[in-house]
Amino acid sequence: MTFSVVGRDPRTGDLGVAVASKFLAVGALVPFVRGGVGAVATQSYVNPNFGPEGLGLLTQGLDPQAIVARFRETDADIEQRQFGLVGADGQSATFTGTGCHAWAGGFAGPDVAIQGNILAGPGVLDAMRAAWEAGHELPLPRRLLATLRAGDEAGGDRRGRQSAALLCAGPGRGYGGLTDDWVNLRADDHADPCGELARLLDLHDLLFGRPQDTRPLTEDELKWLRALLIWQDYATSLPAGDWDADTEAAAWALYGTENLEERWVAGGQVDPAALAYLQERYPEPF
């Protein structure tokens with residue numbers, strides 16, 4: 001009893017799922033993503049085994065249509081199920097069983113599968129498809145979320161709202177560049193779950209985004225930073241003048257404490273997004 005979008009960014013190979021439902025903690029059951037392999041959304045009297053099984057079959061080389069056929073053969077309750085798959089090569093499939101509650105349906109095209117059941121009507125999927133196609137320049141998490149919100153604004157789940165989730169993976173996208181798991185956000189029980197997901201994604205981008213444009217700290221910014229570091233007990237004293245090793249060690253400790261380590265830039269350089277956050281959090285005078 002859910003609507004979802006499964007998508008791939010053809011520029012980066014990133015894969016992901018966004019989902020919303022009048023259902024508690026929909027993110028615990030519907031989305032499954034594995035970097036370099038594929039993404040699956042399984043819903044409507046959900047068979048949660050379709051997630052890991054679908055990813056496993058993609059790993060073995062089956063294409064999404066063949067996986068649909070496999071699930072039809074192996075699940076006696078297949079006509080109550082709905083699911084969508086996108087592989088690492090962009091091939092996709094969507095399935096809606098005849099036993100799904102109306103309105104139910106789906107669309108599959110290159111790099112995307114969109115599906116939903118107990119929807120306000122077919123206009124929900126039409127709005128989601130239009131948003132997906134319009135968002136081709138967005139990073140995948142933003143594109144998926146825009147698609148989900150378009151469906152929500154078009155009526156979404158006709159029973160109402162409760163939860164939403166966004167799950168994405170991509171090569172080296174995870175924390176510290178050490179894993180492929182990237183975005184994993186959930187609003188488990190919320191009056192406006194898609195709106196809450198947007199708030200969480202903004203926070204995720206601040207804390208886990210990596211510097212895109214950096215520049216040297218100005219003289220006034222360096223003076224402000226040193227005063228902050230002393231005030232917050234990261235150092236007892238710091239010399240004036242150019243950037244030095246003591247300032248660097250204290251600043252690194254500040255960034256780690258503030259959960260901004262992904263935005264850290266050494267050597268007296270700064271990520272403007274991190275600096276703006278710190279300046280808002282710690283306005284002068286100290």
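Contact here means heavy atoms within 4.5 Å. The model is predicted.

**Val5 and the main core**

What does Val5 touch, leaving aside its neighbours within four places in sequence? Val5 is in contact with Gly16, Val17 and Ala18. Val112, Ala113, Ile114 and Gln115 are also in contact with Val5. So are Met128, Trp132, Leu144 and Thr147.

Val5 belongs to the largest nonpolar core, which has 25 residues. Val5, Leu144, Leu148 and Leu166 have the most contacts inside this core. Strands S1 (2-8), S2 (15-21), S8 (112-116), S9 (163-169) and S10 (181-187) each supply at least two of its residues. Helices H3 (123-134), H4 (140-153) and H5 (193-208) each do so too. H5 gives the most to this core, with five residues. Apart from it lies another core, of 21 residues. Leu207, Ala235, Leu238 and Tyr282 are among the residues of that other core. In soluble globular proteins, nonpolar side chains tend to be buried together.

**The sheet and its helices**

In what order do the six strands of the open sheet run? The order is S7-S8-S1-S2-S9-S10, and the pairing is antiparallel. S7 (105-109) and S10 are the edge strands, each pairing on one side only. From one strand to the next, the twist averages 5°.

S1 and S8 run antiparallel and are joined by five bridges. Gly7 has Val112 in S8 as its bridge partner.

H3 packs on the sheet. This helix touches S1, S7 and S8, and its direction makes about 160° with that of S8. H4 lies across S1, S2, S8, S9 and S10. The direction of H4 is at about 155° to S1.

**Cysteines**

How many disulfides does the structure hold? The count is zero. Cys168 is in no disulfide, and the nearest cysteine sulfur, that of Cys194, is 14 Å away. Why does Cys194 form no bond with Cys168? The sulfur of Cys194 is too far for a bond, because the closest cysteine sulfur, in Cys168, is 14 Å from it. A disulfide needs the two sulfur atoms within 2.5 Å. The table gives the burial of both residues.

| Residue | State | Relative accessible area |
|---|---|---|
| Cys168 | buried | 2% |
| Cys194 | buried | 2% |

Definitions and conventions: Residues are numbered from 1 along each chain as its sequence is written. This is a predicted model: local features need pLDDT of at least 70, side-chain atom pairs count only at pLDDT 80 or more; totals for chains, interfaces and linings use all residues. Side-chain values use heavy atoms; hydrogens and water are left out. A nonpolar core is a set of buried Ala, Val, Leu, Ile, Met, Phe, Trp, Tyr and Cys residues joined through side-chain atoms within 4.5 Å. Buried means under 20% relative accessible area, exposed over 50%, partly exposed in between (1.4 Å probe, protein chains only). Helices (H or I, at least four residues) and strands (E, at least two) are DSSP runs, numbered from the N terminus. Two strands pair if DSSP finds at least two bridges between them. Axes are lines fitted to C-alpha atoms, for helices over the stretch in contact, and angles run from 0 to 180 degrees between N-to-C directions.
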